[in-house]
Structures are given as structure tokens and as C-alpha cells.
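Me: I would like a close look at a single part of this structure, with the reasoning spelled out wherever a conclusion depends on it. Please begin with what faces outward, and then work inward to the surroundings.

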Amino acid sequence: LPISSPPGAFLSPPQPKDETLLRLLADQAPAIIWTTDRELRFTFSMGSALKNIGVAPNQLMGMSLAEYFRTQDPDFPPILHHRRALTGEKTSYEFNWQNRIFHTRVEPFLGPDGKIIGTLGLALDITERKRAEAELQESERRWKAIVSQAPGFVTIMDEEGRILYINRVSPGYVMEDVIGTSTLDFLLPSYRPIARRAYRKAFQKGEIVTYDVEGQITKDRTAWYRSRVGPLYRNGKISSLILVSTDISENKRAEVALKGSFERMRQLAARLQSVREEERQRISLEIHDRLGQALTGLKLDLSSMAPGAGRENRPRFKSILQSLDDTIRAVRKISTELRPAVLDSLGLKAAIEWQAREFQTRTKTTVRLKIPARDIDPGPDQSVALFRIFQEILTNVARHAEARSVQVDLNRAPRELRLTVADNGRGITKKALSDPASLGLLGMRERALPFGGTVDIEGQRGRGTKVTVRLPQGSSRREP
Ligand SMILES: Nc1ncnc2c1ncn2[C@@H]1O[C@H](COP(=O)(O)OP(=O)(O)OP(=O)(O)O)[C@@H](O)[C@H]1O
Ligand SMILES: [Mg+2]
């Protein structure tokens, strides 16, 4: 029974057949149908939605609208609209009654002669639909709030990255222009393949993919973004993609700055080492040459004076000469310790041999040396670095290893210079190896680093420690 039938057509007068149909409709449709006379007294009411407001069919018969709604207010919507219907108007309104929401339509009710004999009303209970709508609106409102407050960009896009929705645009862009363009266009060209691969993976496999890209934010500003792209489902199938991008430029800048400051610290450390080395060399020469020569001269003078001295002074002369000898020896030792002359005069190989001998004599630890017969000369800077590393290794053996013997191998392969020192002591522990306070070990690594070199240290408990130093040679060598 269409509502669009001519007003009153389906009710005047009800035929038995029509009535059955009407009952079915009234029982099943969530609606209320009624008629009133010209005094707005109910003449008929039925419909399954009557029970929603606690009224039995035809319970209203004879009651006026004002009585039912308990108001005389002419502006009360039902009264207002029914009055308008009496004037021939068809009206509709939404009305909230007994916690239900009704979409109500009131029309003039025409008698057989076409005169208005009352009103005809139809109310549909739309509470559930309204509730669903409200929920939808609420969830949309919530999602919009989240998205508008989210830092960065939230984009819904198709498989190719074309923007269907975006929560915001950067200054200088217009939302309408941005919709429909590809997110890829906003990336620096070199990052587009990364994003494209991520989109494909998300769309085809339904995975969430995270990646970092650099984007062109305005004509002259780029920014780093951490992006997450994932699938958006409709009816169980992936229909589009959701992309969330947050600006991580600050972190990136901090990262780069940190790397830079590390690098500068390294350079400073390396520079300090070389300054220290030059200083040592200079002082060592000063002490050796000037002090050594002066003392030697003094000794010669005194020796020549000794025969002329009186007998009673002889023992004193002797003891002075003796202590002069001791002093000269001490000066030589200090000078050598500062910077072994052998390193500068005879080179790395000789210096290593000399240091190994010294160590053996001093510590009574057997040193077995394997050094190639031919000369090894990686240049003065590398020679000094390797020699100092070697000294630190031996000092550690003496101080920590409790070893009986040490095996030293110096090797010149075509592409690298390799020094291994293995002791048979107690073995360095994992803890000592990873301890940031192990500055001696750190120093060895830093010494090798400017030449692209490495220092590997392995310890075996009770079996000893092996240190391997590698300095790349030839074309692969990095300039310090
Ligand atoms: N050959 C070795 N055998 C056993 N333990 C070792 C050996 N070499 C180093 N270690 C352990 O590693 C630690 C760190 O060595 P590192 O050279 O960094 O420091 P250090 O020798 O104690 O002090 P320094 O800074 O004066 O060199 C040592 O304290 C020691 O415990
Ligand atoms: Mg040490």
C-alpha cells in the first residue's frame, strides 16, 4: 500500500479484503496509522509500533490529541501539524515520543465528496535507524578528531598511491588540488621505488610496512618521514591503503649531528695521538742529544781532571764518575722509552724485534718471534701506530695475562699487514672485552682506525689471549 496513493485512498472505506492486507501491514511494519475527525479526536489507530509507546490498537478511539498528549499548546508539533492538515496541507515532521523517534506524516482525510473530514496520520518508528546513524556519526566524529590531531599525515589512497583522502596539507598546498594526485609525487625521486614497493606489499599481501623517506614539503624544504602503510578492507577485500607519515626530520638531524660529532671526536683523538707522538720524538731527541752529550762531555772533563786531583779526592772522583755513568744510562733509557730511536732509524721490523727482546728480558716471559726476512715498511705513520699497539699488547700481557710465553707473528700479505700476538695466559674475559672502561683496548682500535685497520681480540679461559691487528695495504688503504 503505497503512501503516495491519493490521500485517503487506502482507507475509504475499508473493504474486507483490504482490511486483511491493512492488518498485515499494520502488524508488521514498524508504523502507526491513525485518523482523526475535524476536532482532532482519534477515529482509528493501529500498527505494530503502537506497542512501542505502550498503546493498544484503537485504545485511543474518541480521545483527542490534546488529551492524549496532555497539552493545549497550539505549537506542540503534533497539534500544529494536524491543524495544518485540516487546512489541506500535507506535512511531515520528526517527533520524539516515549523514548522513540518517529518520522510522521499528516495529511487531510477526505470524505467521499472530497471535503476534509479530518486528518490521516502515518508514523514510522525510526529509532533504530537514528541510533545507528548517531553511532556512525559518533564514530566518524571520533575518527576525524583522532586524524585531525594526529601529528603528520594520514592518507587514504589507492594501490598506486593516489590520494583519496588526506587529513591535512602543508602550507602552500590546497586540499582540493592534492586529492587525486599521487603521494609518490611528494617524495624525492630516489625514494619513490621504496614507497612503491611498500604500497604493493600492503595491497597485495595485506602487510603493514614501515619505511623512511625524504619528501619535498614545500618548494624549498624537504623533510624526513617515517611512513607506515597498511591495507584498508571493504567487504573482506583490500580496497585501498592507509598511509600514516610522521615527520622525523629532527631525529634525523640529531642522528647526523651525532655521527658528525663522533667523527670529529675520532679526528681529535687521532690528532692528539700524532701530536703526542711528535712531542715524544722531539723530547726524546732533546734528552738524548743535548742532555746525553752534555753529560758525556762532563764525564770526559772530569776524567781528564782526575789524575791531577789529590789522592784524598780520588774516591770522590770515582763515585762522581760512577753516578755520571748511571745518569747517562738513565737518560738513554728515558729517551728510548719515549721514542725508540730504532723505530726511526731501522724501521718497524727492527723496532718490533727490539721491543720483544726488551720484554723478554724484563718479564722473563719467553717470546717467540716470526717475522719475514724481507723488510716491512708501511710508512712512518703506520709504523708508529702498529708499534704502539704492539707495546700496549705486551704491557697487557705483562700486567694481566700471567703467561709463560708469547707468540708474535708479523705478516705482510699483498693486501694487508697483519700482526698477531698470542699469549698462553689466563685469557681475556668477555666482560673486559665489552667494557667501555677498557681504554687501553679502545686506544688500540683507535690507533688502527685512521688507516682502515682493525684489532680483533679473542680470549679463551685458561688458554690465553690472541690479538690480531690488520692494516690494509695498497689500493684499499684509506688515507688517514
Ligand atoms: N692479555 C690479556 N690477558 C688477560 N686479560 C687481559 C689481557 N689484556 C687485557 N686484559 C683484560 O682486559 C682489561 C682491559 O685492558 P685495557 O688495556 O683496556 O686496560 P688496562 O690494561 O687495565 O689499563 P690501561 O688503560 O692502562 O691499558 C684488563 O683490565 C684486563 O682485565
Ligand atoms: Mg692496558
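Reply: In this model, which is predicted, Arg-197, Gln-204 and Lys-205 are the residues to begin with, since they are exposed on the other side of helix 6, away from its buried face. That buried face is made of Ala-195, Ala-198, Tyr-199, Ala-202 and Phe-203. They lie on the same side of helix 6 because they cover an arc of only 120° around the axis. The spacing is what one would look for in such a pattern, because an α-helix has 3.6 residues a turn and residues three or four places apart therefore point the same way.

The length of helix 6 can be checked as well: at 1.5 Å a residue its 14 residues should span 20 Å, and its end C-alpha atoms are 20 Å apart, so the two values agree. Helix 6 covers residues 192–205, and it is followed by Gly-206, whose phi is positive, near 70°.

What does the buried face of helix 6 pack against? Its partners are strand 6, strand 8, strand 9 and strand 10, and it helps to see how these strands are joined to one another. Strand 8, residues 209–218, runs antiparallel to strand 9, with 9 bridges between the two, and a hairpin of 2 residues links them. Within that pairing, Glu-214 stands opposite Trp-224 of strand 9. Strand 9, residues 221–234, in turn pairs with strand 10 in the antiparallel sense over 10 bridges, where Ser-227 has Ser-245 as its bridge partner. Here too the connection is a hairpin with 2 residues between the strands, and Asn-235 in the turn has a positive phi of about 50°. Strand 10, residues 237–247, is also joined by 5 bridges to strand 6, residues 153–157, again antiparallel, and Val-154 finds its bridge partner there in Val-244. Strand 10 is thus bridged to strand 9 and to strand 6.

Ahead of helix 6 in sequence, the loop between helix 5 (175–178) and helix 6 holds Thr-183. This threonine is buried, because its relative accessible area is 8% and the limit for that label is 20%. Its side chain makes a polar contact of 2.8 Å with the side chain of Tyr-199, one of the buried residues of helix 6. Setting aside residues up to four places away in sequence, Thr-183 touches Thr-155, Met-157, Gly-161, Ile-163, Tyr-199 and Leu-243. The loop residue therefore reaches both the buried face of helix 6, through Tyr-199, and strands 6 and 10, through contacts that include Thr-155 and Leu-243.

On the far side of strand 10 in sequence comes helix 7, residues 249–305, in which Ser-249 lies. Ser-249 is buried, with a relative accessible area of 5%, and, with residues up to four places away left out, it touches Ala-223 and Trp-224. Trp-224 is the strand 9 residue that stands opposite Glu-214, which ties Ser-249 to the pairing described above. For a sense of scale across the model, the C-alpha atoms of Ser-249 and Gln-28 are 63 Å apart in space, the two residues being 221 residues apart in sequence.

For comparison, helix 3 (residues 77–86) can be read in a similar manner. Its buried residues are Pro-78, Ile-79, His-81, His-82, Ala-85 and Leu-86, and they pack against strand 1 (31–37), helix 2 (65–69), strand 3 (91–97), strand 4 (100–110) and strand 5 (116–125). Just after helix 3, Gly-88 takes a positive phi of about 100°.

Helix 11 offers a further comparison, since it has 22 residues and reaches 30 Å from its first C-alpha to its last, close to the 32 Å expected at 1.5 Å a residue. It carries the residues that coordinate the magnesium ion (ligand 2), namely Glu-392 through OE and Asn-396 through OD1, at 2.1 to 2.2 Å. These two are separated by about one helical turn, because they are 4 residues apart in helix 11 (residues 380–401). Glu-392 counts as partly exposed at 23% relative accessibility, whereas Asn-396 is buried, with a relative accessible area of 18%. Just after helix 11, Glu-402 takes a positive phi of about 55°.

Technical notes
Residues numbered from 1 in each chain as written. Chains lettered and ligands numbered in written order. Predicted model: local features only at pLDDT ≥ 70, side-chain atom pairs only at ≥ 80, totals over all residues. Heavy atoms only, no water. Donors = N, O, S within 2.8 Å, 3.2 Å for Na, K, Ca; no water. Buried < 20%, exposed > 50% of the residue type's maximum accessible area, 1.4 Å probe, protein only. Polar contact = N/O pair within 3.5 Å; in protein donor to acceptor, adjacent residues only side chain to side chain. Contact = heavy atoms within 4.5 Å. Pairing = 2+ DSSP bridges. Expected span 1.5 Å × (residues − 1). Arc of directions from axis to C-beta.
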